[in-house]
Amino acid sequence: MRLLSYNATTHALSVQIQPFRSKALTLWYEFDSPVAASSDAAVIASVLPSMATGESLQVDFPVSAALTVAIPRVQVVALSWWPEYFKPIAVSVAAVSKVPPVTDISGAFYSLGVDSSYTALTAPGLTHLLFMAGVEYPSPTLDRGVEARVRDVAGALQKAVITGRTNLREVFPLAWPEYYHGAGLASVAVAAGLREGLISSAHALNHLFFWGSHRLLDPLWSTEATRIVHYGDISRAEKTVIIATNQTILSNLRVCVTNKGGGYNCGKCWKCLRTMIPLAAIDALKRAPFPKLAVHAPGMEDASAMAFGEELVELL
């Protein structure tokens, strides 16, 4: 795979990519407010897709010196975790660069879910929340209703908001949570020119396993200009209890896997139920945007799953 050229403006970054075995592609990021875009974003986005196909990676423009040092380490991690999926590749760059931070923005990705809500509420020094179309789902169209709720929460927390869109997941359709979401989010943080980009952890320290976003992997995507931080290594149940102390966050909580980026919670899917149970345990469920708890719900026809749900509810 060859990264041929890039174009960076105050509101966008686009990169021309030529895979060796398919047609040329254009990777782009667009933002609704001025950013200090960095072409290193495309390098971060391209490493794992190149390893998935076994293609060498050639970059025809300067690349962060820190990133060139880290890429071999990324390969070691990926090859040890997923040897059946990734292959070792050669990486060559036109030159190395050391561009210092050009903004003082500390930003965290925010989608109204439990993990990102915990980060938004507790991360020290956080100045901005990022809401990007094309990240949660591979469609670069923002849900304006969800965006309005993101802005409501940001206002209550006294944070600024960065919104935008990208075709990242359309260009590189790797399995997002399993392999790619750490690199994908880091790519957007670097494209936005953040000084610090926070990626919310998905798992507690005592339940770590090989995953696309991980405390060992995420920081390797840092550059001299943007430090990538893996934040919040406590359980999701603990996070749920903590965010329930803030009614604005709780009122806007959005976790459902059936809404496909929309604003509602079905109250029936596994992710809704997983969130509702700890809220019920601390008597906060009635303050959250869920319908009445129903363990015998469509999508839970499996007898074991229904029994487990019933047992948890009976324990409350």
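How many salt bridges does a search of the whole structure find? In this predicted model, the search returns eleven salt bridges. One of the contacts joins R195 to D104, with 2.8 Å between the closest N and O atoms. Because R195 lies in the loop between α6 (176-191) and β11 (196-200), whereas D104 lies in the loop between β7 (96-97) and β8 (106-109), this pair ties together parts that are 91 residues apart in sequence. The two partners fall into separate accessibility classes, R195 being partly exposed at 28% relative accessibility and D104 being exposed at 60%.

A salt bridge within a single helix is formed by R151 and E147, for which the closest N and O atoms are 3.2 Å apart. Both residues belong to helix α4 (residues 144-157), and because they are four residues apart there, about one helical turn separates them. Here R151 is partly exposed, with a relative accessible area of 39%, while E147, with a relative accessible area of 8%, is buried. Salt bridges also link E30, D32 and R165 in a network.

Aromatic contacts were examined next, and the count comes to ten aromatic pairs. In the pair formed by Y6 and F61, the ring centres are 5.1 Å apart and the planes stand at 70°, so the arrangement is classed as edge-to-face. Since Y6 is placed in strand β1 (residues 2-8) and F61 in the loop between β4 (57-59) and β5 (63-64), the contact ties together parts that are 55 residues apart in sequence. Y6 is partly exposed, at 41% relative accessibility, whereas F61 is buried, at 4%. An edge-to-face arrangement is also found for W81 and W82, whose rings are 5.3 Å apart from centre to centre, with 85° between the planes. Both W81 and W82 are buried, and these two residues belong to a cluster in which ring pairs link W81, W82, Y85, F86, Y179 and F210.

The cysteines were considered with respect to covalent pairing, and the count of disulfides comes to zero. The cysteine sulfur closest to that of C256 belongs to C266 and lies 3.5 Å away, which is too far for a bond because a disulfide requires the two sulfur atoms to be within 2.5 Å. Seen from the other residue, C266 is likewise in no disulfide, and its nearest cysteine sulfur is that of C256. Both side chains belong to residues classed as buried, C256 having a relative accessible area of 5% and C266 one of 17%.

Helix α9 covers residues 270-281, and its twelve residues should span 16 Å at 1.5 Å a residue; the C-alpha atoms at its ends are 17 Å apart, which agrees with that expectation. Within α9, the buried residues include C272, L273, T275, M276, I277, P278 and L279. Among them, P278, which lies in helix α9, counts as buried at 16% relative accessibility. The C-alpha atom of P278 is separated by 47 Å from that of Y6, a residue 272 positions away along the chain. Following α9 is D283, which has a positive phi, near 60°. The side chain of D283 also meets that of K286 in a salt bridge, with an N to O distance of 2.7 Å, and both of these residues are exposed.

At the surface, V91, V93 and V96 make a nonpolar patch of about 200 Å². One of its members, V93, lies in strand β6 (residues 91-93) and is partly exposed, with a relative accessibility of 31%. This value places V93 within the patch criterion, because patches are made of residues with over 30% relative accessible area and no salt bridge.

Key: Residues are numbered from 1 along each chain as its sequence is written. This is a predicted model: local features need pLDDT of at least 70, side-chain atom pairs count only at pLDDT 80 or more; totals for chains, interfaces and linings use all residues. Side-chain values use heavy atoms; hydrogens and water are left out. Patches are made of residues with over 30% relative accessible area and no salt bridge: like charges are joined within 9 Å, nonpolar side chains (Val, Leu, Ile, Met, Phe, Trp, Tyr) within 5 Å. Accessible areas come from the Shrake-Rupley method with a 1.4 Å probe; for residues, only the protein chains shown count as cover. A salt bridge is a side-chain nitrogen of Lys or Arg within 4 Å of a carboxyl oxygen of Asp or Glu. Helices (H or I, at least four residues) and strands (E, at least two) are DSSP runs, numbered from the N terminus. Buried means under 20% relative accessible area, exposed over 50%, partly exposed in between (1.4 Å probe, protein chains only). The expected span of a helix is 1.5 Å times one less than its number of residues. Rings of Phe, Tyr and Trp (its six-membered ring) pair if their centres lie within 6.5 Å; planes under 30 degrees apart count as stacked, over 60 as edge-to-face and the rest as tilted.
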